[in-house]
Amino acid sequence: PKNLDRSMLTTFISKSMVEGVLWFMQKNDVLSYVLLPDEVPPNPLGLSLTTSWFAFMVPGLIAAYPTEHNMTVTARVETGWAFDIHPSQLVLHAPMSFIFETVS
């Protein structure tokens, strides 16, 4: 551009470049994160990754695990995401799955 100020930063991003990076990240499982019980800090709600805390959402959990067990949560971006570039924003729609598992 003619009037580019020296303190200005200009970037050019193509849709196919971002889609390629997202595809690579998904194929290499970078768009997935496992949350471990000790990574949940103390909080006012008392939220913890244990079977007793999640029993209100999954009533059969206490029957399956009568003693308290720690749990992990895996958050994963699934296939079917869509990326688009608009004049003032980048838009990413990404379907997510959350997998809850008990830790022995």
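**Exercise 1.** Locate Asp29 among the helices and strands, and decide whether Asp29 is buried, partly exposed or exposed.

*Solution.* Asp29 sits in the loop between α1 and β1, where helices (H or I, at least four residues) and strands (E, at least two) are DSSP runs numbered from the N terminus. The model is predicted, so local features need pLDDT of at least 70 and side-chain atom pairs count only at pLDDT 80 or more, while totals for chains, interfaces and linings use all residues. Residues are numbered from 1 along each chain as its sequence is written, and side-chain values use heavy atoms, with hydrogens and water left out. The relative accessibility of Asp29 is 46%, so Asp29 counts as partly exposed; buried means under 20% relative accessible area, exposed over 50%, and partly exposed in between (1.4 Å probe, protein chains only). As a last step, look at the backbone: phi of Asp29 is near 60°, which is a positive value in a residue other than glycine.

**Exercise 2.** Work out the strand order of the open sheet, and find which strands stand at its edges.

*Solution.* Begin with β1, which four bridges join to strand β2 (residues 70–77) in an antiparallel run; two strands pair if DSSP finds at least two bridges between them. Within this pairing, Tyr33 has Ala75 of β2 as its bridge partner. Next, eight bridges join β2 to β5, again running antiparallel, and here Val73 is partnered by Phe100 in β5. The order of the three strands is therefore β1-β2-β5. Because β1 (32–35) and β5 (96–103) each have a single partner strand, they stand at the edges, and one side of each is left without a neighbour in the sheet. As for β2, six of its eight residues are buried, so that this strand is mostly covered.

**Exercise 3.** Which residues form the nonpolar patch on the surface, and where does Ile13 lie?

*Solution.* The patch is formed by Ile13, Met17, Val21, Ile85 and Leu90, which together have about 420 Å² of accessible area, an area obtained by the Shrake-Rupley method with a 1.4 Å probe. Ile13 lies in the segment before α1 (15–27), and its relative accessible area of 37% makes Ile13 partly exposed. Patch residues need over 30% relative accessible area and no salt bridge (a side-chain nitrogen of Lys or Arg within 4 Å of a carboxyl oxygen of Asp or Glu), with nonpolar side chains joined within 5 Å and like charges within 9 Å.
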